[in-house]
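Visitor: I am new to this structure and would like a close look at a single part of it, the empty spaces. Please set that part in the context of the chain around it.

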Amino acid sequence: MSVLTDVVISRVTDQGFGVADLNGRSVYVDRTYTGEKVRVRIIGEHPTYYNAHLVEVLEASPFRIEPECCYSSCGGCAFNFIDSKELLKLKNEFLLSCLKEQCVKFDCILPECSGMYDFHGYRNKAIYYVRAQNGKFVIGFFSKNSHDVVEIYGCIMEPDFVSSANEIIAKWAEDFNIHAFDESTGRGLIKNIIYRSGEGTGERMLVVVATDFQIPNLDELMLRLEPLKFTSVWICRNKSQGNSIWTDELKKISGKEHIYTCLAGLKYEISARSFLQLNIKQCERLYGLVLEFAAVKSSDVVFDLYCGIGTITLKLAQKVRKVYGIEIVPEAVKNAVRNAELNDLRNVEFIEGKSETVCEELVNKKQIRADIVVVDPPRKGCDSSLINTLIFLNPEKIVYVSCNPKTLARDLKLLESDYKITKIATVDMFPNTLHVETVVLLSREKQNG
């Protein structure tokens, strides 16, 4: 099916599609915005909707701008054609719509989303896919809703050394006939290139994800990369045929075991697979909100759930009597313990395990109770068992940090019989997208028991 038609965009989705109505069905069009009249080509018909490609913008939104990035088919920056201030409003509107959909009650004011207007080179981690396409070794990002790789050598969100390294690796592969991975056959050697950089330290890490530890002419590649001064270089062996990235098979090729980054006045050790917010400057704003909302006292005991490598935990430890950081990933816990040592913070204890189990043991076996609980779950939000744990812990305050308004709204609804939303704020961690970080302060409605 390939039909040209004109439609008016009535709304946008969080995935970056404009939505119009045609013959009682929704039409999803990439790179369009609310209020625009556009000419589209229908390319897919489904029982309740159509997929369409944008052919021409007939009446543009007043908020449409010329994107700075030249990679229009890359699936990364879905809204780079919309004015930054308008996009900040849209992020808040998206959050509010999710809260409304779940009928979440709150009467506090949602301030303007804390934005970032100079986002050049902000990302401290980049994962590139390497694929064999048309007989060529291609490094880049997946095109939207596909596994076709858009070749990229100059993402404005990444530090300059990333594009330089990509060019060096591509030339090395061409010179020595190094094969990129082919998803259709499962053949090929290089699957991914991963970069990490430390804020305030200048340290850099490179991870090559390959189907084998034995990479021909690797010494030559290392020689060519020398001017970029990588602090740490690793190979991750991944033999799977799909597009998964990480395995437990890691081998250091050169340099140090870790790199270091500075965040909000503290120093953190970063390993190859450590989780760290990609945007350090905005992360500092986010953690500032966590501390502001928690309004901690020097006598407080805090539980930090999903603590990762301890970034929030250690900020809290500077101001309270004791913090317990709980994390299920063993490698992250090791990093967290080391980070506490690096910053000479001794009033913190990191515990490996499921938050539900560890919290129950702290309360029932050690008679430890939390005045405040901070929870920062992954995109899927909190499991129902963890919601029950939060209610069981019965702290005076819960500070919920969320990267997904949909699961946040679901979880807030489950907590509202015991807790009231007293503060809420948003931070733009990912410019040019609809992704938004939210901090919510939940205060106990009444004393229980």
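Guide: What follows goes from the chain as a whole to its pocket and cavities, and ends with one helix residue.

The model is predicted. The protein chain holds 9 helices and 21 strands. Its C-alpha trace spans about 65 × 60 × 35 Å along the principal axes. For 449 residues, a compact globule would have a radius of gyration near 22 Å, and the 24 Å of the protein chain agrees with that. Of these 449 residues, 53% count as buried.

A barrel comes before the spaces, since two of its strands return below. The barrel is closed and made of 5 strands, in the order β1-β2-β3-β5-β4, and its pairing is mixed. On average, neighbouring strands in this sheet are turned by 50° against each other, with direction ignored. One pairing can be followed in detail: strand β1, residues 3-12, and strand β2, residues 17-22, run antiparallel and are joined by 3 bridges. Within that pairing, I9 has A20 in β2 as its bridge partner.

Now to the spaces themselves. Rolling a probe the size of a water molecule over the atoms shows where empty space is left.

The second largest pocket has a volume of about 330 Å³. It is lined by 17 residues, and those closest to its centre are F17, D30, H53, S143 and K144. Two elements, β3 (25-30) and β5 (49-59), each give two or more residues to this lining. Both strands also appear in the barrel order given above. The largest share of the lining comes from β5, with 3 residues. Sorted by class, the lining of the second largest pocket has 7 nonpolar, 7 polar and 3 charged residues.

The cavities are a separate matter from the pocket. Counting those of 30 Å³ or more gives 2 cavities.

The largest cavity has a volume of about 60 Å³. Its lining is drawn from several stretches of the numbering: S84, L87, L88 and K91, then G115, M116, Y117 and F119, and finally D428, P431 and N432. By class, this lining has 6 nonpolar, 3 polar and 2 charged residues.

The second largest cavity holds about 30 Å³ of space. The residues that line this cavity are N124, R196, S197, G198, I259, T261, I270 and L276. Strands β9 (190-197) and β13 (259-263) each give two or more residues to the lining. Here the classes come to 3 nonpolar, 4 polar and 1 charged residues.

One residue remains, taken from a helix. V337 is found in helix α6, which covers residues 330-342. Is V337 buried, partly exposed or exposed? Buried means under 20% relative accessible area and exposed means over 50%, with partly exposed in between. The relative accessibility of V337 is 36%, so V337 counts as partly exposed. V337 and F350 are 13 residues apart along the chain, and their C-alpha atoms are separated by 6.5 Å.

Conventions: Residues are numbered from 1 along each chain as its sequence is written. This is a predicted model: local features need pLDDT of at least 70, side-chain atom pairs count only at pLDDT 80 or more; totals for chains, interfaces and linings use all residues. Side-chain values use heavy atoms; hydrogens and water are left out. Two strands pair if DSSP finds at least two bridges between them. Helices (H or I, at least four residues) and strands (E, at least two) are DSSP runs, numbered from the N terminus. Axes are lines fitted to C-alpha atoms, for helices over the stretch in contact, and angles run from 0 to 180 degrees between N-to-C directions. On a 1 Å grid over the protein atoms alone, a cavity is a set of points where a 1.4 Å probe fits but cannot get out, and a pocket is an open set with protein on both sides within 12 Å along at least five of seven lines; lining residues have an atom within 4 Å of a point. Grid points are joined across faces, edges and corners, and a volume is the space filled by probe spheres set on the points. Ala, Val, Leu, Ile, Met, Phe, Trp, Tyr, Cys and Pro count as nonpolar, Asp, Glu, Lys and Arg as charged, and the others, Gly among them, as polar. The radius of gyration is taken over C-alpha atoms; the globule rule is 2.2 Å times the number of residues to the power 0.38. Buried means under 20% relative accessible area, exposed over 50%, partly exposed in between (1.4 Å probe, protein chains only).
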